[in-house]
Amino acid sequence: MSKRNYTHVQELYSEIQAMIESGCTQREVAEHFGFKDKRVVHNLLNRERRNKEKLDAGITPRPKGRPRKNAEPRNVFAEQAYEIQRLKMENKLLRDFLQSTGRK
């Protein structure tokens, strides 16, 4: 049993795209790069076409998987200061409302 040969086809996308535009078939491109069969090229082109359509539609690509625990260091003090300011504004608004209705 032979070892699997894995090629990062994403890195070769620009070259593959140029060969396809010059008139090569997907089978010829696969043979040129030594891929197992033409499905590797076919799947790469479909994947890139789908991603381009999503970008054109305004859908931004999101990273796959669960986000890291420490992905971005958060500024806890700034968040707390913002929350305190927001709560003070909310309290002031409620007091003004109660005064305008004559309840307090």
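In the predicted model, helix 4 covers residues 76-101, and its 26 residues should span 38 Å at 1.5 Å a residue. The C-alpha atoms at the two ends of helix 4 are 38 Å apart, in agreement with that expectation. Helix 4 is followed by Gly102, which has a positive phi, near 80°.

Three salt bridges are present in the structure. One of them joins the side chains of Glu83 and Arg86, with an N to O distance of 2.9 Å. Glu83 and Arg86 are separated by about one helical turn, because they stand three residues apart in helix 4. Arg86 also forms a salt bridge with Glu90, where the closest N and O atoms are 3.3 Å apart. Arg86 and Glu90 both belong to helix 4 and lie four residues apart, again about one turn of the helix. Through these shared partners, Glu83, Arg86 and Glu90 are joined by salt bridges into one network. The spacing fits the geometry of the α-helix, which has 3.6 residues a turn, so residues three or four places apart point the same way.

The members of this network can also be described by their accessibility. Glu83 has a relative accessible area of 33% and is therefore partly exposed. Arg86, at 35% relative accessibility, likewise counts as partly exposed. For Glu90 the relative accessible area is 37%, so Glu90 is partly exposed. Partly exposed here refers to values between 20% and 50%.

A further salt bridge is found in helix 3, which comprises residues 39-56. Here the side chains of Lys52 and Asp56 meet at 3.2 Å, N to O. Lys52 and Asp56 are four residues apart in helix 3, or about one turn of the helix. Both Lys52 and Asp56 are exposed. In general, side chains of opposite charge can pair when their charged atoms come close.

Charged residues also form a surface patch. Arg47, Arg50, Lys54 and Lys64 make up this patch, which is positive. Among them, Arg50 is located in helix 3. Arg50 counts as partly exposed because its relative accessibility is 45%. Residues of such a patch have over 30% relative accessible area and no salt bridge, and the 45% of Arg50 lies above that cut-off.

Methods
Residues numbered from 1 in each chain as written. Predicted model: local features only at pLDDT ≥ 70, side-chain atom pairs only at ≥ 80, totals over all residues. Heavy atoms only, no water. Patch = residues over 30% accessible without salt bridge, like charges linked within 9 Å, V, L, I, M, F, W, Y side chains within 5 Å. Areas by Shrake-Rupley, 256 points an atom, 1.4 Å probe, with all protein chains shown as cover. Salt bridge = Lys/Arg side-chain N within 4 Å of Asp/Glu carboxyl O. Lys, Arg positive; Asp, Glu negative; His and termini not counted. Charge placed at Lys NZ, Arg CZ, Asp CG, Glu CD. Buried < 20%, exposed > 50% of the residue type's maximum accessible area, 1.4 Å probe, protein only. Expected span 1.5 Å × (residues − 1).
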